Amino acid sequence: MRERLAAVYARFRGQVAAVILGTESNGDEQHIGSLGLALIDGVALQWLVDPEHAPSGADIATALRALSGPAGARE
(Lines give C-alpha, C1' and ligand atoms only; values in the text may rest on other atoms or scores of the structure.)
Protein backbone atom coordinates (compact mmCIF):
# COMPACT_ATOMS: atom_id res chain seq x y z
CA MET A 1 0.00 0.00 0.00
CA ARG A 2 2.82 2.39 0.90
CA GLU A 3 4.52 1.87 -2.47
CA ARG A 4 1.27 2.47 -4.33
CA LEU A 5 0.57 5.69 -2.45
CA ALA A 6 4.14 6.86 -3.04
CA ALA A 7 3.70 6.30 -6.78
CA VAL A 8 0.42 8.24 -6.76
CA TYR A 9 2.02 11.15 -4.90
CA ALA A 10 4.99 11.16 -7.29
CA ARG A 11 2.61 11.46 -10.24
CA PHE A 12 0.37 14.05 -8.59
CA ARG A 13 3.24 16.37 -7.60
CA GLY A 14 3.77 17.33 -11.23
CA GLN A 15 0.06 17.69 -11.88
CA VAL A 16 -0.52 19.84 -8.81
CA ALA A 17 2.49 22.02 -9.68
CA ALA A 18 1.15 22.49 -13.23
CA VAL A 19 -2.21 23.66 -11.84
CA ILE A 20 -0.55 26.04 -9.37
CA LEU A 21 1.89 27.45 -11.93
CA GLY A 22 -0.41 27.33 -14.92
CA THR A 23 2.40 25.68 -16.88
CA GLU A 24 3.93 22.26 -17.35
CA SER A 25 7.47 22.91 -16.15
CA ASN A 26 9.65 25.48 -14.44
CA GLY A 27 12.13 23.17 -12.71
CA ASP A 28 10.51 23.41 -9.27
CA GLU A 29 7.67 20.89 -9.75
CA GLN A 30 8.87 18.61 -6.95
CA HIS A 31 8.89 21.42 -4.40
CA ILE A 32 5.78 23.24 -5.54
CA GLY A 33 3.80 20.04 -6.02
CA SER A 34 4.84 18.80 -2.58
CA LEU A 35 3.74 22.06 -0.97
CA GLY A 36 0.43 21.95 -2.82
CA LEU A 37 -0.23 18.38 -1.74
CA ALA A 38 0.72 19.21 1.85
CA LEU A 39 -1.81 22.04 1.85
CA ILE A 40 -4.50 19.92 0.24
CA ASP A 41 -3.96 16.99 2.60
CA GLY A 42 -3.61 19.21 5.66
CA VAL A 43 -6.76 21.19 4.98
CA ALA A 44 -8.69 18.01 4.18
CA LEU A 45 -7.60 16.44 7.47
CA GLN A 46 -8.52 19.57 9.43
CA TRP A 47 -11.91 19.66 7.73
CA LEU A 48 -12.54 15.99 8.55
CA VAL A 49 -11.58 16.48 12.20
CA ASP A 50 -13.13 19.90 12.83
CA PRO A 51 -14.99 21.29 9.81
CA GLU A 52 -16.18 24.43 11.61
CA HIS A 53 -12.62 25.60 12.24
CA ALA A 54 -10.80 24.32 9.15
CA PRO A 55 -9.11 27.13 7.23
CA SER A 56 -10.83 28.57 4.18
CA GLY A 57 -9.08 29.46 0.96
CA ALA A 58 -9.03 33.08 2.12
CA ASP A 59 -7.45 32.04 5.44
CA ILE A 60 -4.69 30.18 3.62
CA ALA A 61 -4.09 33.08 1.22
CA THR A 62 -3.81 35.49 4.16
CA ALA A 63 -1.30 33.22 5.89
CA LEU A 64 0.80 32.81 2.73
CA ARG A 65 0.87 36.58 2.17
CA ALA A 66 1.96 37.09 5.78
CA LEU A 67 4.78 34.57 5.34
CA SER A 68 5.93 35.85 1.97
CA GLY A 69 6.99 39.30 3.12
CA PRO A 70 10.26 40.15 4.90
CA ALA A 71 10.38 38.00 8.04
CA GLY A 72 6.63 37.41 7.71
CA ALA A 73 5.81 41.14 7.73
CA ARG A 74 2.17 41.98 7.13
CA GLU A 75 0.87 44.66 4.80
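The buried residues of helix H2 pack against helix H1, which runs over residues 2-21, and I should say at once that what we are looking at is a predicted model. Those buried residues of H2 are Glu29, Gly33, Gly36 and Leu37, and because they cover an arc of only 95° around the axis, they lie on the same side of H2. On the other side of H2 we find His31, Leu45 and Val49, which are exposed.

Let me stay with H2 for its length. The helix takes in residues 29-49, and for these 21 residues, at 1.5 Å a residue, one should expect a span of 30 Å; the C-alpha atoms at its two ends are 30 Å apart, so the model agrees with that expectation.

Now to the loop that follows, where Pro55 is placed between H2 and helix H3, the latter covering residues 57-68. Is Pro55 buried or exposed? With a relative accessible area of 23%, Pro55 falls in between and counts as partly exposed, since the buried class is kept for values under 20%. Leaving aside residues up to four places away in sequence, Pro55 touches Val43, Gln46 and Ile60. Between the C-alpha atoms of Pro55 and Arg65, which stand 10 residues apart along the chain, the separation is 15 Å.

Finally, a word on the rings. How many aromatic pairs does the count give? By the rule applied here, the count comes to zero. There is, however, a charge to report beside a ring, in that the charged end of Arg11 sits over the ring of Phe12, at 5.7 Å from the centre of that ring.

Terms used. Residues are numbered from 1 along each chain as its sequence is written. This is a predicted model: local features need pLDDT of at least 70, side-chain atom pairs count only at pLDDT 80 or more; totals for chains, interfaces and linings use all residues. Side-chain values use heavy atoms; hydrogens and water are left out. Helices (H or I, at least four residues) and strands (E, at least two) are DSSP runs, numbered from the N terminus. The expected span of a helix is 1.5 Å times one less than its number of residues. Buried means under 20% relative accessible area, exposed over 50%, partly exposed in between (1.4 Å probe, protein chains only). The arc is that of the directions from the helix axis to the C-beta atoms. Contact means heavy atoms within 4.5 Å. Rings of Phe, Tyr and Trp (its six-membered ring) pair if their centres lie within 6.5 Å; planes under 30 degrees apart count as stacked, over 60 as edge-to-face and the rest as tilted. A charge sits over a ring if NZ of Lys or CZ of Arg is within 6 Å of the ring centre and within 35 degrees of the ring normal.
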